[in-house]
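Please walk through this structure with me, one region at a time. We begin with the backbone and finish at the contact between chains.

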Amino acid sequence: MADLTTDFLGIKSPNPFWLASAPPTDKEYNVRRAFDAGWGGVVWKTLGSEGPPVVNVNGPRYGVIRGADRRVLGLNNIELITDRPLEVNLEEITRVKKDYPNHAMIVSIMVPCEEQAWKDILEKVEATGADGIELNFGCPHGMSERGMGAAVGQVPEYIEMVTRWCKQYYSKPVIVKLTPNITDIRLPAAAARRGGADAVSLINTINSIVSVNLDTMSPEPSIDGKGTHGGYCGPAVKPIAMSMVSEIARAPETAGMPISGIGGVTTWRDAAEYMTLGCGNVQVCTAAMTYGFKIVQEMISGLSQWMDEKGHTSIQDFVGAAIPNTTDWKYLNLNYVAKAEINQADCISCGRCYAACEDTSHQAIAMSEDRTFSVIDAECVACNLCVEVCPVENCITMVPQEAGTVDQRTGKTISEEYGNWTTHPNNPGAVAAE
Amino acid sequence: MGHKISGITAERLSSDELAQNFSDLHTPLQPHEVRVAADRCYFCHDAPCVAACPTDIDIPLFIRQISTGTPEAAAKTIFDMNILGGMCARVCPTEELCEQVCVREVSEGKPVEIGRLQRHATDTLMAKGIHPFSRAAQTGKTVAVVGAGPAGLSCAHRLALLGNDVTIYDARPKAGGLNEYGIAAYKTTNDFAAREIEWLLSIGGITLENGKALGNDLALEDLIGKFDAVFLAVGLGGVNALEVAGFGSERVSNAVDFIETLRQTPDLGTLEVGRHVVVIGGGMTAVDTAVQSKLLGAEQVTIAYRRDRNAMSASRYEQDLAAQQGVKLLFNMQPIEFDTTGDTPMLELGYSTVNNGKVEATGETIRIMADQIFCAIGQRLTTDAGLALEGQKIRVNEVGRTGLTGVWAGGDCALGGNDLTVTAVAEGRDAAIDIHNTLMGGA
């Protein structure tokens, strides 16, 4: 049986599934139930400075993008940080951590960019006994208008400065949560590292308007006829987040830095994928908000089963395993040739591959009178579109062509040598192959 | 029905039970079911379902229109090809047409529910009282349509749409043909047939004259003289008779009349049905009669068909529907003698085999109780109006032209097709287009 125990920055948790800083982790009641349900850790919903708490809108806070059967694919929110008094949160954090010593308890923080403000709250958080802090440099709505959240995360110098304060006034691990609403995720990550951060977590939510009401002409969620951009999360953002994670994992300035992966983790498989790209654990929010805390049971059983099947005994066996295979386009092997192949036994003759290829790609699929669809090797560029639009899994596959055979499309013999763009004759800047 | 025949009686069930039994066979899809059902469509290229539809409705397109929240546009797509798309959504044997060839039926045994989705779309638009067509500029041409069944209505609508003026003559007091008089009640509830016609006629340019039958009140040569063209869609007015000893009994009647009475009655409780009912035949009429007998409260209902299951013109789906309602299906069995002399009337049935396509008796027999027998062994043309026939139907070409200039025919009375509502609609539509082109000096 695989061991799911996770050691992230020295913080132990029974499994790599943490709940992200968000509504599910806003109070003691939820967090106790989450731990009881099996979650390995939580990042407590973001605390702000002492004083009158923030206020939230009193209308709808969420909007969604749906798939078939009303499945939630993307969730957008305009909720702010915790709207409960600081003292109440701190008391609850203290109590829960005491009762759940083996679970990870991280406190998310967002206060103005003033050293004293950070010093004040860090002392209080230190006293709770929590395992670490996460700096919320990511919220893209509301708080960013007040110079916090994403407004900090978009300025690497601020990230470095605040991170340094935190490392100065707080003794335990500091995780910097990054906003994706920037052009190059490597810059804020590098700034966090320079400031002394122990880890980065990403992504926070993406600026989004999920829908416009065509009757009222208001973006949604609509508050008395007006809408504002919110923060987008859920399964739809996973590809964006994973790409950003991989960039941080690969960049020389940030390589090796611990990462907590966030963004659309819904199943054990999502978690495993994030971890192969270098994440020491993952944080979940939308899936829990959609289905409740119980989903962690599937995540635990699924990851365990997969690890057993693959012979992984611990999380460390596969964290980062896909990084060596993540590269730049220019290093992809241009001598690798594949062709689509349609398994006629599985084909249901819907013709979607034909329509897609004929109308929008390379006219590489032939259709016969009796609706038999076949690949024309002389036209197929192996783009994979037919595979993606086919409703039958594995009916169409991309078959690598053997070296030494002739590519019907180019008329050239397929080389077994690796050859990429950097040395390609069509590349004006090509360097001689060595 | 002046006197009472023992064993045949009304009010076998309470009015509540009857109302329940004769409610919609397939209930309309609920909004969320619509979304899920529509989402299952793969939007196939050159879709097999379209090829299988006698009216060539662009099914993937209308389902996509439903899935994007525009069932009204979906309805327009349907009505463009089939103006009786509402009725066809209810009565089409989709399991033998579009849904049979749906790639998801072929691959998973669960087709996209095309019929029910079509009903959702058409019902939505009709409920809004919208008729999505307006007539082209007047051509000044007039056409007589004889028969207000599916073929006649479809033809009339298309002709009116193209700018022609149409008069429909029908022998019966109500328009609709088999839609009104001949389809099982649970397939077209709430007077749908009549409501559909009212909606169809709202395009304008169509005059309906009921109670005018060809041969009695109308003569073909008069119509040819009075109108620029004539379309005959008189259906099959006669029922085939069965020569069986004892079938002269008052306990034996024809199924078509039974269904017609049932469709027209304001009170199902007044209908009389036997305790032990036997239906002779193997088509849709036989199934509709058997199932409705059961729903009226008959205890035991048996269908006896002289060939095997596969030869039955009622689809397997309809056979299963009957079986599900408790109807017993007997195959390779034909009536020999109906004995009403004793206290309990008994029907003797003989086993048969099919040899070179011909039904032959094996000599073995059984006797079953039967206090009521319905014959449903097919219908035939009664009014040929002097036109050339082929296979006992009016001979027509692929667009409905008869041997006589200026006269077209379609629907069940004409050659070709398969006696389905949807086929009649297609024939009426195609004849209308040919009539119009001909009158306008085209092809």
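Pro221(A) is found in the loop between strand E13 (218-220) and strand E14 (230-233) of chain A. The peptide bond that leads into Pro221(A) from Glu220(A) is cis, with omega near 0°. This is a predicted model, and every value here is computed from it. A second cis peptide bond joins Leu202(A) and Ile203(A). Its omega is about 10°. Ile203(A) sits in the loop between strand E10 (199-202) and strand E11 (206-208) of chain A. Most peptide bonds are trans, and most residues other than glycine have a negative phi.

Phi also deserves a look. Met217(A) is not a glycine, yet its phi is positive, at about 60°. Its place is the loop between strand E12 (211-213) and E13 of chain A. Is Met217(A) buried or exposed? Met217(A) has 10 other C-beta atoms within 10 Å, so it is exposed; the cut-off for exposed is 12 or fewer. Chain B offers another case. Glu11(B), a residue other than glycine, has a positive phi near 50°. Glu11(B) lies in the loop between strand E1 (8-9) and helix H1 (15-21) of chain B. Glu11(B) has 16 C-beta neighbours inside 10 Å and therefore counts as partly exposed.

Now take three further positions in chain A. Ile185(A) lies in the loop between strand E9 (174-177) and helix H6 (186-194) of chain A. Why does Ile185(A) count as buried? Because 24 other C-beta atoms lie within 10 Å of Ile185(A), and 20 or more is the cut-off for buried. Leaving aside residues up to four places away in sequence, Ile185(A) touches Leu178(A), Pro180(A), Leu202(A), Met244(A), Glu247(A) and Ile248(A). Leu202(A), in that list of contacts, is also a partner in the cis peptide bond to Ile203(A). Thr25(A) is 160 residues from Ile185(A) along the chain, and their C-alpha atoms are separated by 26 Å.

Asn394(A) is found in the loop between helix H12 (385-389) and strand E20 (396-400) of chain A. Asn394(A) has 9 C-beta neighbours inside 10 Å, so it counts as exposed. Between the C-alpha atoms of Asn394(A) and Glu341(A) there are 9.9 Å, with their positions 53 residues apart along the chain. Thr405(A) belongs to the segment after E20 of chain A. With 10 C-beta neighbours inside 10 Å, Thr405(A) counts as exposed. From Thr405(A) to Val200(A), C-alpha to C-alpha, the distance is 47 Å, and the two are 205 residues apart in sequence.

Next, helix packing. Two packed helices are described by the angle between their axes and the distance between the axes. Helix H3 (residues 115-126) and helix H5 (residues 156-169) of chain A pack at an angle of about 40°. Their axes are 10 Å apart. The crossing of H3(A) and H5(A) is right-handed. H3(A) contributes Glu115(A), Trp118(A), Lys119(A) and Leu122(A) to the contact. H5(A) contributes Val162(A), Trp165(A), Cys166(A) and Tyr169(A). By class, this contact of H3(A) with H5(A) has 6 nonpolar and 2 charged residues, and no polar ones.

Chain B has a helix with a buried face. Helix H14 (residues 255-264) of chain B has these buried residues: Ala255(B), Val256(B), Phe258(B), Ile259(B), Leu262(B) and Arg263(B). Seen down the axis of H14(B), they fall within an arc of 160°, so they line one face of the helix.

Turn to the cores. In soluble globular proteins, nonpolar side chains tend to be buried together. The largest nonpolar core holds 147 residues. Which of its members touch the most others? They are Val145(B), Val146(B), Phe231(B), Leu232(B), Ala233(B), Val279(B) and Ala409(B). Not counting residues up to four places away in sequence, Leu232(B) touches Val146(B), Gly147(B), Ala385(B), Ile394(B), Val407(B), Ala409(B) and Cys413(B). Apart from the largest core lies another, of 96 residues. Among its members are Ile11(A), Val111(A), Ile206(A) and Met307(A).

Last comes the contact between the chains. It takes 10 residues from chain A and 9 residues from chain B. On the side of chain B, helix H2 (31-39) and helix H8 (103-108) are the elements that give two or more residues. H8(B) gives the largest share, 3 residues. By class, this side of chain B divides into 5 nonpolar, 2 polar and 2 charged residues.

Terms used. Residues numbered from 1 in each chain as written. Chains lettered and ligands numbered in written order. Predicted model: local features only at pLDDT ≥ 70, side-chain atom pairs only at ≥ 80, totals over all residues. Contact = placed C-beta atoms within 7 Å. Helix = DSSP H or I, 4+ residues; strand = E, 2+ residues; numbered from the N terminus. Nonpolar A, V, L, I, M, F, W, Y, C, P; charged D, E, K, R; others polar. Arc of directions from axis to C-beta. Core = buried A, V, L, I, M, F, W, Y, C linked by C-beta atoms within 7 Å. Axes fitted to C-alpha atoms, helices over the stretch in contact; angles between N-to-C directions. Left-handed = near helix turned anticlockwise from the far one by under 90°.
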